[in-house]
Amino acid sequence: MSVLLSWEGILALLLGGFYGAVFGAIPGLTATLAVALFIPVAFFLDPIIALPAIIAISSVAIYAGDVGSAVARIPGTPASAAYLSELHRVARKKGPFYGLGISAMGSAVGGIIGTVLLIFSATTIATLARQFSSFEYFWIAVLGLAAGIFASGGSPIKAFVSLLLGLLLSTVGIDPTLGHPRFHFGSPDLLGGLNYIVAMIGLFGFSEVLEHLFSNKEEKYEAPQKVEGAARQFYLQPLLLIVREKWLVLRSSILGVFVGFLPGAGADIGAWVSTSFQQMRKKEEEEAEEDDRIILAGTSSNNSAWIPALSLGLPGDTVTAIVLGVFLMKGITPGPLLFEQQPDLLWSLYLTFLLANLVLLPFYGFLTARMAAFLIKVPFKLLLSFITGLCIVGAFAINNSVFDVWIMAGMGVVAFLLRRGGFPLAQVVLGMVLGPIMEQNFMVSAIKSKWDLMSFFERPLALGLMVGTLAIIFLGLRFRRRFVKSSSNQ
Amino acid sequence: MKNASDGISALILCLLGLGIWWQSGSFPSLEEGYPGPSLFPRLIAVGLLLGGAWIGVKSVQGSEKITKELKESPSLLKLGGGVILVAAYPILQPLIGFMLTLGLVCLGVALLLGIKPWIALVSALGTVLFIFVTFEMLLGVSL
């Protein structure tokens, strides 16, 4: 059990957490970039140092991505885009310590629940998930998109259009199934497709700058309350909220774990599905706490989702893919065989995850909230000039390509127009992430079944997922109708 | 029309849908006439046309909430200035280098935002210095 938890391992865990916290907290830098830049370092490290470090970096950087959302409306991961507006609002109105406290504590509790569930049910769920074929993956993507429509809380038709725009952007470049180039307009830079991180920087970061340039507003936000008892706001109040909303946290964490078990789904869809469920259950009379609950729903599922992917050896998202890559580099093959061949290592991995969630997230979470509290005090216009610089460099640094700066600027303009028209932005990112998964699995399934579309409904698991999708649409429409009715009665 | 903003959105969405449908026509089909790489873009085009039509109808009926009112004094000139400054970065960067280009862009954006010139200058210098230290020196990202 102590394979990874030697003193070197614990030191690596602490330093990795610090690196992840600082990196993830800077708007424009992402968890993906944090783990990617660690690869060359990991190459030269011993496994007992490299593995705890990469686990700590990814766990803390995924949470720290919320700092960008809180301060500058730039989400660090597609998962944090699911509750971006709510977190930004809470951080501005109730203070960054409280907003990020919900995020850190939610992530920590979700991660712990995820790990415990993994310990008790990994083998069973891994067996179930191994039966998934392209038909099920297609339906998983459709389910994620259906959840995204109702996650916005606004007009479903506008959320649907935003999703379609995201799906459209995902078709740029080489077709994932047949290899035909699409919508590249003769530019070799577009053949590789649009990077969704670059798009996210433009959609959320640069569009905020454009919005302020256009509207000439003196100060858009009300100043946050004076921070008194930062530790109380960061630890105690969010923990009380978690105790009050224990069923929400449990439900979101379980959703995160189950969605995380599905390769290709990962943390992002887990957070989106949980947030969407919470949006549907929105209670008009408890509006004041609704934002807090939505953040809690998203964060308690985003950190529990990628852990189970280790048990299958198939990554759910880019961060997990890089983490698994480091595992392989160190001679450890994640997947079902890990349970049989290296139970000691598996147990020490569980313990590392628990430590990362129990100690690192609360500790470094507070540190990053302090950074956010400083940044949030800076006059917003001054921050916008800084954000412009980070947007440019962040977009450039992903692929070392100046062309991506144009993509980022273009996405900023598109996002500005969408915001003006009342279209939600986060759904564009969801469409970009899920588009290739949906298209590829649809085409593979269709070709496999010789275009017999009935085959999409024949497998029991696929049918179950389709029913789940229909249930989300039905419940979403029903709850929305009730919400609109109660709003108009008041 | 009770909501002009939605009416314009509807028109743009329909035009976009038609454009995608037309552009997808040049993609090849599979053997035996099955749809190939054009299938998904065309489904998206249909979705955009339907979505645009729905929003258009609702804007005429006035049942969708009016989305964003311009209570402020909007400045298209500043907006355009911001876009041009950032779009000029890839052109200027190879000519005058990363630090100077980024500094100029940040300074320009700060001035457009109405920040006092000396504060804008200090802020631009600070941004460039922070980015240089974080990316180039600590992370080894070549700028």
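This report walks through the two chains of a predicted model, from their overall make-up to the places where they meet.

**The two chains side by side**

A good way to begin is to look at each chain as a whole. The table puts some of their values next to each other.

| Chain | Residues | Helices | Strands | Share counted as buried |
|---|---|---|---|---|
| chain A | 490 residues | 22 helices | 2 strands | 60% |
| chain B | 143 residues | 5 helices | 0 strands | 35% |

If you read chain B from its N terminus, its elements run α-α-α-α-α.

You can also ask how far along the sequence the partners in a contact lie. For chain A, take the contacts with a separation of 6 or more: 81% of them are between residues 24 or more positions apart. For chain B, 55% of the contacts between residues at least 6 apart in sequence join residues at least 24 apart.

**Two helices packed together in chain A**

Now find helix 3 (residues 47–72) and helix 18 (residues 343–377) of chain A. These two helices pack at an angle of about 30 degrees, and their axes are 9 Å apart. Their crossing is right-handed. In the contact of helix 3 with helix 18 of chain A there are 18 nonpolar residues, 5 polar residues and no charged ones.

**The largest nonpolar core**

Helix 3 of chain A comes up again when we turn to the core. The largest nonpolar core has 192 residues, and A:Ile54, A:Ala199 and A:Val429 are those with the most contacts inside it. Helix 3 of chain A supplies the largest share of this core, with 17 residues. Chain B takes part too: the core draws at least three residues from each of its domain 1 (4–61) and domain 2 (76–139).

For a close-up, pick A:Ala199. Leaving aside neighbours within four places in sequence, A:Ala199 is in contact with A:Leu169, A:Leu194, A:Ile407, A:Met411, A:Val429 and A:Met432. One of these partners, A:Val429, is also among the core residues with the most contacts.

**Where the chains meet**

Next, look at the interface. Here 45 residues of chain A are in contact with 54 residues of chain B. On the side of chain A that touches chain B, the elements giving two or more residues are helix 8 (156–170), helix 10 (196–215), helix 19 (380–399) and helix 20 (403–420). Which of them gives the largest share of that side? It is helix 19 of chain A, with 10 residues. By kind, the residues on this side of chain A divide into 27 nonpolar, 12 polar and 6 charged.

**A closer look at chain B**

Chain B is assigned domain 1 (4–61) and domain 2 (76–139). The C-alpha centres of these two domains of chain B lie 38 Å apart.

Let us finish with a single residue, B:Phe132. Where in chain B does B:Phe132 have its place? It sits in helix 5 (residues 117–139) of chain B. Is B:Phe132 buried or partly exposed? B:Phe132 counts as partly exposed, because it has 16 C-beta neighbours inside 10 Å, while a buried residue needs 20 or more. Not counting residues up to four places away in sequence, B:Phe132 touches B:Met99 and B:Met137. Measuring from C-alpha to C-alpha, B:Phe132 and B:Phe40 are 42 Å apart in space, and in sequence they are 92 residues apart.

Key:
Residues are numbered from 1 along each chain as its sequence is written. Chains are lettered from A and ligands numbered from 1 in the order in which they are written. This is a predicted model: local features need pLDDT of at least 70, side-chain atom pairs count only at pLDDT 80 or more; totals for chains, interfaces and linings use all residues. Helices (H or I, at least four residues) and strands (E, at least two) are DSSP runs, numbered from the N terminus. A residue is buried if 20 or more other C-beta atoms lie within 10 Å of its own, exposed if 12 or fewer, and partly exposed in between; C-beta atoms are placed from the backbone. Two residues are in contact if their C-beta atoms, placed from the backbone, lie within 7 Å. Domain bounds come from an automatic or database domain assignment. Ala, Val, Leu, Ile, Met, Phe, Trp, Tyr, Cys and Pro count as nonpolar, Asp, Glu, Lys and Arg as charged, and the others, Gly among them, as polar. Axes are lines fitted to C-alpha atoms, for helices over the stretch in contact, and angles run from 0 to 180 degrees between N-to-C directions. A crossing is left-handed if the near helix is turned anticlockwise from the far one by less than a right angle, and right-handed if clockwise. A nonpolar core is a set of buried Ala, Val, Leu, Ile, Met, Phe, Trp, Tyr and Cys residues joined through C-beta atoms within 7 Å.
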